Amino acid sequence: MLKHYLLQMYFIIRKMIMYIRKKKFVGEPWDESADHEHCRYREYIQKNRLLDYRVRCVSAEFPDGFKWVGGQSLQDVIYGIPNGETRMLLYRWQDAAVQLEGNLRKGNFKWTGACVYQGKIYGFPRTANSFVMYDPNRNEMDEIPIDTNYMGEHHYGGVCTGQGIVYQPPRGNADILVTDLNTMECRHIRVLDTVFGKQIRDRYCGSILHPNGCIYFLPEQHGKVIKFDIKTERWCFIG
């Protein structure tokens, strides 16, 4: 009798697991309407699909230590953002030419990640309380201070909107850093752990600006992704 009962329970639990898996991974059916988020996203990735790639080893002498983290491509040149380096890396992929520009201050983890805005490269602050800006048309580099007084690593990478607003995820603190590149004015959006009722002080290290108008900040140590709506500036944890 007990064996028969346990066998019935086994099949019931198995059906429940299969049902949960189906609900979890199948999700909603694909909506083919032209204005649906799914189709807008598919159109976006088709335009940005990498059609061809080649691996090329570049022979160049670089100093030891932390060098560059993150970069951008503009006018057939790839720009590496100074991390521990005092110079920006310029790589012209057409002729594999390598060039180092600038004479910035020393220090590790100064800037990480970048954006292109109005024809200029902006490196995002990581330990620095400043942006590093490079104008390729004038071949000029400048460190632009911002009104913050962080100590150590405070933000990592980020994204820039078409209006020149940079959003950076927290790294060792509890706020999203918002900087207007048009005025270099900063403000902070506090991020609270709604589960435990306390401010998070965790490390995020990746950011994606989705076609749906939201930014997704990816965690390095914290267990949840931050979903941030640009229009409403409301956020939530997902995952």
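Reader: Which strand do 5 bridges join to strand E1, and how do the two run?

Author: Let's begin at residues 68-74, keeping in mind that this is a predicted model. Those residues make up strand E1, and Trp-68 stands opposite Pro-82. The 5 bridges lead from E1 to E2, and the two strands run antiparallel.

Reader: Which residue in the hairpin of E1 and E2 takes a positive phi?

Author: The hairpin has 2 residues between its strands. A positive phi near 55° is found there, and the residue that takes this angle is Gln-75.

Reader: What is the bridge partner of Gly-80 in E3?

Author: Strand E2 also pairs with strand E3, residues 88-92, through 4 bridges in the antiparallel sense. A hairpin of 5 residues joins E2 to E3. Within this pairing, the partner of Gly-80 is Leu-89.

Reader: How many of the residues of strand E2 are buried?

Author: Strand E2 covers residues 77-82. It is mostly covered, and the number of buried residues is 5 of 6.

Reader: Which strands give two or more residues to the largest nonpolar core?

Author: That core has 14 residues, and those with the most contacts inside it include Cys-115, Tyr-122 and Phe-131. In general, nonpolar side chains tend to be buried together in soluble globular proteins. The elements giving two or more residues to this core are strands E5 (111-117), E6 (120-125) and E7 (130-135).

Reader: Which residues does Val-166 touch, beyond those up to four places away in sequence?

Author: Val-166 is one of the residues with the most contacts inside the core. Once residues up to four places away are set aside, what it touches is Phe-124, Phe-131, Val-159, Cys-160, Leu-177, Val-178, Thr-179 and Leu-181.

Reader: Why is one side of E9 and of E13 left without a neighbour in the sheet?

Author: Four strands form an open, antiparallel sheet in the order E9-E10-E12-E13. Strand E9 (159-160) and strand E13 (185-190) each have a single partner strand, so one side of each has no neighbour there, and the place where they stand is at the edges.

Reader: Which residue in E10 is the bridge partner of Cys-160?

Author: Strand E9 pairs with strand E10, residues 165-168, in the antiparallel sense over 2 bridges. Following Cys-160 across to E10, you arrive at its bridge partner, Val-166.

Reader: Why is there no bond between the sulfur atoms of Cys-115 and Cys-160?

Author: Cys-115 is buried at 5% relative accessibility, and Cys-160 is buried too, at 17%. A disulfide needs the two sulfur atoms within 2.5 Å. The closest cysteine sulfur to that of Cys-115 is the one in Cys-160, and it is too far for a bond, at 3.8 Å.

Reader: How many disulfides does the count come to?

Author: A disulfide is a covalent bond between the sulfur atoms of two cysteines. Under the 2.5 Å limit, the count comes to 0.

Reader: Is Asp-175 buried or exposed?

Author: Asp-175 has its place in strand E12, residues 175-180. Its side chain makes a polar contact of 3.0 Å with the side chain of Tyr-150, and its contacts outside four places in sequence include His-155, Gln-168 and His-188. Buried means under 20% relative accessible area. With a value of 4%, Asp-175 is buried.

Reader: How many residues apart in sequence are the parts that Arg-105 and Glu-143 tie together?

Author: Among the 9 salt bridges in the structure is the one between Arg-105 and Glu-143, with the closest N and O atoms 2.9 Å apart. Arg-105 lies in the loop between E4 and E5 and Glu-143 in strand E8, so the distance in sequence between these parts is 38 residues. As for their surroundings, Arg-105 is partly exposed at 37%, and Glu-143 is partly exposed at 26%.

Reader: Which residues do salt bridges that share partners join into one network?

Author: Arg-126 and Glu-153 meet in a salt bridge at 2.7 Å, N to O. Another salt bridge forms between Arg-203 and Glu-220, at 3.3 Å. This second pair links distant parts of the chain, with Arg-203 in strand E16 and Glu-220 in the loop between E17 and E18. The network is made up of Arg-126, Glu-153, Arg-171, Arg-203 and Glu-220.

Note on methods. Residues numbered from 1 in each chain as written. Predicted model: local features only at pLDDT ≥ 70, side-chain atom pairs only at ≥ 80, totals over all residues. Heavy atoms only, no water. Core = buried A, V, L, I, M, F, W, Y, C linked by side-chain atoms within 4.5 Å. Buried < 20%, exposed > 50% of the residue type's maximum accessible area, 1.4 Å probe, protein only. Contact = heavy atoms within 4.5 Å. Pairing = 2+ DSSP bridges. Polar contact = N/O pair within 3.5 Å; in protein donor to acceptor, adjacent residues only side chain to side chain. Salt bridge = Lys/Arg side-chain N within 4 Å of Asp/Glu carboxyl O.
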